[in-house]
Amino acid sequence: MSDLLLEVRNLETFYGPIMAIRGVSLEVRKGRVVTVLGANGAGKTTLLKTISGIMDPEKGKIIFEGQEIQGWEPHRVVKAGIVHVPEGREVFPLLTVEENLALGAYTRSDKAEIARDRDLVFNYFPILAERRKQEAGTLSGGQQQMLAIGRGLMLRPKIMLLDEPSLGLSPLLTQEIFAILKRLNQDEGVTMMLVEQNAAVALDLADDGYVMELGRIVMSGTADRLAASEDIQSFYLGHD
Ligand code: ATP
């Protein structure tokens, strides 16, 4: 059996007359971490929104576990196992940490399993356990990012789409969150598609990568090969 989990073929997505995704194709294999790098405005967020059903593509296919899912409603995409952790965290600020996690499990009704998954989230993010009764809006930016990832985990994703988890975080917190993502991938087998402007941390975590510019994929390869490429080094890793 093929280990291909998600395949995007010749995808095109528009904002009115503006073509934000211009024929993107990519693949994510089961158990892998795939990163999509690119500058501000390259189309990374739009790509994730199209995969998760928040936006409809004009053309192209999104194939998940062998099934075409382009144009599906977001809730159906979630049920299929694709969970989007959006840019900017978007936790519910007036609800507690625990309540946010409970909402994460909204598609499920198996109480014992939900409690087990909540404990799993607390095991990976102990600070969330400490602050379980605290309103999410009072958490630091890094803790809110952890909560957003934790809430995504409550849906038992087959793949997590992570939009710029490093955004607005200190280098130290970014390292901490990426170390946890690595453990989630290695120990829990969560497949990830990670969109990032921070190429250094993303390539360090990822197995494979794509580079987007102006709505197109301009480069792809293993993360090691991309990290060694002169173009990536000068444009994305800040080397001379
Ligand atoms: P960022 O890092 O800022 O999220 P990105 O790579 O995710 O950047 P997108 O947000 O996907 O890029 O934007 C891709 C293109 O679509 C850009 O040219 C942007 O100006 C345009 N765009 C994004 N959102 C809208 C919108 N709501 N209406 C019109 N154009 C938009």
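**Exercise 1. The shell around the ligand**

Task: In this predicted model, determine which of the 13 residues around the ligand come nearest, and how the residues of the shell divide into nonpolar, polar and charged.

Solution. Begin with the list of neighbours: among the 13 residues around the ligand, those that come nearest are Asn 40, Gly 41, Gly 43, Thr 45 and Thr 46. Next, sort the shell by residue class, which gives 6 polar, 4 nonpolar and 3 charged residues. Finally, assign the shell to elements of secondary structure: helix α1 supplies the largest share, with 3 residues.

**Exercise 2. Polar contacts and cover of the ligand**

Task: Find what distance separates a polar side-chain atom of Asn 40 from an oxygen atom of the ligand, and what percentage of the ligand's accessible area the protein covers.

Solution. Take the side chains in turn: a polar side-chain atom of Asn 40 is placed 2.3 Å from an oxygen atom of the ligand, while a polar side-chain atom of Tyr 15 lies 3.5 Å from a nitrogen atom of the ligand. Then turn to the backbone, where a polar atom of Gly 41 is 2.8 Å from an oxygen atom of the ligand. On its own the ligand has 620 Å² of accessible area, and the protein covers 62% of it.

**Exercise 3. The sheet of 6 strands**

Task: Establish the strand order of the open sheet of 6 strands, and state which residue of β8 is the bridge partner of Thr 35.

Solution. Reading across the sheet, the order is β6-β7-β8-β3-β9-β10, and the pairing is mixed. The edges are formed by β6 (82–85) and β10 (216–222), each of which pairs on one side only. On average, with direction ignored, neighbouring strands of this sheet are turned by 15° against each other. Looking at one pair within the sheet, β3 (residues 33–37) runs parallel to β8 (residues 191–196), with 5 bridges between them; in β8, Leu 194 is the bridge partner of Thr 35. As a last step, place the helix: α1 (residues 44–51) packs on this sheet and touches β3, β6, β7 (159–163), β8 and β9 (208–213), its direction making about 150° with that of β8.

**Exercise 4. The sheet of 4 strands**

Task: Work out how the strands of the open sheet of 4 strands are ordered, and which strands α1 touches when it packs on this sheet.

Solution. The strands follow the order β2-β1-β4-β5 with antiparallel pairing, and the edge strands, each pairing on one side only, are β2 (18–29) and β5 (67–68). Helix α1 packs on this sheet through β1 (4–15), β2 and β4, and its direction makes about 115° with that of β1. Between β4 (residues 59–64) and β5 there are 2 antiparallel bridges, with Glu 68 of β5 as the bridge partner of Ile 63. Strands β1 and β2 run antiparallel and are joined by 9 bridges, and here Arg 22 of β2 is the bridge partner of Glu 12. The hairpin of β1 and β2 has 2 residues between the strands, and in it Gly 16 takes a positive phi near 55°.

Key. Residues numbered from 1 in each chain as written. Predicted model: local features only at pLDDT ≥ 70, side-chain atom pairs only at ≥ 80, totals over all residues. Heavy atoms only, no water. Pairing = 2+ DSSP bridges. Axes fitted to C-alpha atoms, helices over the stretch in contact; angles between N-to-C directions. Contact = heavy atoms within 4.5 Å. Near = heavy atom within 4 Å. Polar contact = N/O pair within 3.5 Å; in protein donor to acceptor, adjacent residues only side chain to side chain. Areas by Shrake-Rupley, 256 points an atom, 1.4 Å probe, with all protein chains shown as cover. Nonpolar A, V, L, I, M, F, W, Y, C, P; charged D, E, K, R; others polar.
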